[in-house]
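I opened this entry to keep track of what I looked up, one topic at a time. The structure comes first and my notes come after.

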There are 2 protein chains.
Amino acid sequence: MRVRLEDVARATGVSPKTVSRVLNEESSVKESTRQKVLAAMESMNYRPSPAARGLAGSRSFLVAMLYDNNDNPASTYLAEVQDGVLDACDAHRYSMMACPLRMRGQDFIRRVDALVFDHHIEGVIMTPPLTDYAPLLQRLKEHGVPHSSISPVHREASIGVCMDEQQAAKAMVMHLVELGHRRIAHIVGIANHGASRWRMAGYKDALAAAGLPFDPQYVVQGEFSFGSGVLAARELFALPELPTAIFAANDDMAAGVMWAANERGLKVPRDLSVCGFDDTPLATQLWPPLTTVRQPSRDMGKLAALQLMEVLRGRGPGLLVQVPYALQLRESTAAAP
Amino acid sequence: MRVRLEDVARATGVSPKTVSRVLNEESSVKESTRQKVLAAMESMNYRPSPAARGLAGSRSFLVAMLYDNNDNPASTYLAEVQDGVLDACDAHRYSMMACPLRMRGQDFIRRVDALVFDHHIEGVIMTPPLTDYAPLLQRLKEHGVPHSSISPVHREASIGVCMDEQQAAKAMVMHLVELGHRRIAHIVGIANHGASRWRMAGYKDALAAAGLPFDPQYVVQGEFSFGSGVLAARELFALPELPTAIFAANDDMAAGVMWAANERGLKVPRDLSVCGFDDTPLATQLWPPLTTVRQPSRDMGKLAALQLMEVLRGRGPGLLVQVPYALQLRESTAAAP
DNA sequence: CTGAAAGCGCTAACAA
DNA sequence: TTGTTAGCGCTTTCAG
């Protein structure tokens, strides 16, 4: 029924172990033997059994993608990242298990242990804020499980992928400055996300570069959700001197700002310029279309997975690669009133 | 290091086979023995190895979620479904592999075979339009792999979960009728989705029930994406007599309609009522908030997975369960002008 | 209702 | 560079 390693060995006239070596890309096989075996595998349509490999050896060809599912707003971000990860897995014959983790309680410990012990997960890919969740990192280290991070805060010790979000945020705000805005507000994201810090830092950098004062009144706390964007905007609209531009730390909050502007009777971009960050599909589904920073989530997922696999295959220590950002200038920003 | 079945057996004073029987919930074990074994498993923190179980037996405790990733627009729908599926898996100690399938070409055959052979997938959960993709169903049947469908077109032969979308669409349109609208347009979704047919049928039902004529001019083809909604709306706006209400087959297209209305200078809902279907997060992020039909995607994912597991555990033939819809009346619909 | 033996398909640790 | 011998942790026969 099923073609086994042994069958390939018999057909080739070598021992099972040699076939195994070829399968695992070990270097100590004579090239001619190697070719023979490879050919036989191909023609017999041999497909190794992950279960057997996992049981006998230490490998499972399984990676897990870990993500936080407490707050769902960014579901399209996660979907894109996952898509990229799967793409990379495909290329290296790995399989991926999706694993949402609730950060509260001890639940995640159980789940991580289950992944590692039960399934012999070889490695882990994580999205923020899990990337910097100490108890989790600790546990992974204890288990000796390599991990690759997407946009981690602590970049020194990480492998994975990142973007210069601070620079991107600065560029975004500089764009507002160039349009003549002088009262520029910022809506901050959830505190434990590196993204919130970087984007805020970029905002400050831009103000400084433009010689504009930093006014705490114009900085409001949000939490990355549409609703929090609405609330933050209302707060800003209650100020004696309204900002002429608002830079929200992500698109969902920017959408909230535009909602609140509508509610308040402010016309975007005539009375108020609005911009966000991420370039989610939402950005082009708003009226007017949202100026934002494009973050290549899909590519980031793919690159993070590829880095992990480099490590798993012993090809190197793994790197933290940086992807470029791109400003998407659309109709939600215009010259200051 | 690892606690094995054998360890539990030794601790309990029974044979490994008996422990195995308890583990697999076989009925032929004396209750007292069963309790003893269960207690030992608990206290020793025994966790069976899926790899070993998969290798020795026919089970793998792995299910796959298959989805189409040609068109990404509904990524939040997929994310919600996946969340529900994972929830159900968790409850029954199953693991899930996410598996995007490209419907074009023979690629999906390879992937399905890989899933079945390599990983001994026990069952499959599918979302539209895969649920009714004949070559795929054919292949699954050949492999003897049980599958559970979410909103399949062919309901007779399916297990899984569905919603009475036709009834829901009818109710949605009846709402417009009650608001006094008489020229009600409909934007249809992608042709091979059952959803498109049902929602269109419900639209017609409502017109008939209200004694309104069915005018083909007011029915425009879309493809579930925001952009297609914009195009469809422009088409409708070019008509000599504009509709006073537009029922789009999903929220993304409804958002497109609102975008186009803005572009055209039409005020929603004063000049035009707009409603959608699905109640994605987008619905409450538009201005004005979108009237739509709530579809409990997360629950649907969970229920579909639970039905599959009923089958896998030999508890029954599996059912096609129906979930209720709910109209979400918001501010995008109002009395006809 | 319970147990003993055999083996799932592969790799580890040796040897040659 | 290649082969041999075990055995991964569990389930399947088949007996009792």
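The notes below cover the DNA surface, one aspartate, and the relation between the two protein chains.

**Entry 1. Surface near the DNA strand**

I noted at the start that this is a predicted model. I then looked up what lies around DNA strand C and found 24 residues surrounding that strand. The closest are A:Leu5, A:Ser20 and A:Tyr46 from chain A, with B:Thr18 and B:Arg21 from chain B.

I asked which helices supply at least two residues each to the surface near DNA strand C. In chain A I found helix 2 (16-23) and helix 4 (50-56), and in chain B helix 2 (16-23) and helix 4 (50-56). By residue class, I recorded nine nonpolar, eight polar and seven charged residues on this surface.

**Entry 2. Atoms of the strand that meet the protein**

I next took the atoms of DNA strand C within 4 Å of the protein, and 63% of them belong to sugar or phosphate, the rest to bases.

I looked up individual polar pairs for both parts of the strand. On the phosphate side, a backbone N or O atom of A:Leu5 is 2.3 Å from a phosphate oxygen of DNA strand C. A polar backbone atom of A:Ser49 is 3.3 Å from a phosphate oxygen of the strand. On the base side, I found an N or O atom of the B:Arg21 side chain at 2.7 Å from a base nitrogen.

**Entry 3. B:Asp251**

I moved to B:Asp251, which lies in helix 11 (residues 251-264) of chain B. Is B:Asp251 buried or exposed? Its relative accessible area is 0%, so I filed B:Asp251 as buried.

I then listed its contacts, leaving aside neighbours within four places in sequence. They are B:Gly276, B:Phe277, B:Asp278, B:Asp279, B:Thr280, B:Leu282, B:Ala283, B:Leu290 and B:Thr292. Two of these I checked for polar pairs. The B:Asp251 side chain reaches the backbone nitrogen of B:Phe277 at 2.9 Å, and a polar atom of that side chain lies 2.8 Å from the backbone nitrogen of B:Thr280.

I also looked up B:Glu156, which is 95 residues from B:Asp251 in sequence and 28 Å away in space, C-alpha to C-alpha.

**Entry 4. Chain A and chain B**

Last, I asked what rotation superposes chain B on chain A. I got 180°, with 0.0 Å of shift along the axis and an RMSD of 0.2 Å. That is the relation of a two-fold axis.

I also compared the interface residues, and 98% of those in chain B are interface residues in chain A too, so the copies meet through the same surface.

Note on methods. Residues are numbered from 1 along each chain as its sequence is written. Chains are lettered from A and ligands numbered from 1 in the order in which they are written. This is a predicted model: local features need pLDDT of at least 70, side-chain atom pairs count only at pLDDT 80 or more; totals for chains, interfaces and linings use all residues. Side-chain values use heavy atoms; hydrogens and water are left out. A residue is near a molecule or strand if one of its heavy atoms lies within 4 Å of it. A polar contact is a pair of N or O atoms within 3.5 Å; within protein, one must be able to donate a hydrogen and the other to accept it, and residues adjacent in sequence count only if both atoms are side-chain atoms. Helices (H or I, at least four residues) and strands (E, at least two) are DSSP runs, numbered from the N terminus. Ala, Val, Leu, Ile, Met, Phe, Trp, Tyr, Cys and Pro count as nonpolar, Asp, Glu, Lys and Arg as charged, and the others, Gly among them, as polar. Buried means under 20% relative accessible area, exposed over 50%, partly exposed in between (1.4 Å probe, protein chains only). Contact means heavy atoms within 4.5 Å. Copies are superposed by least squares on the C-alpha atoms of residues with pLDDT of at least 70 in both.
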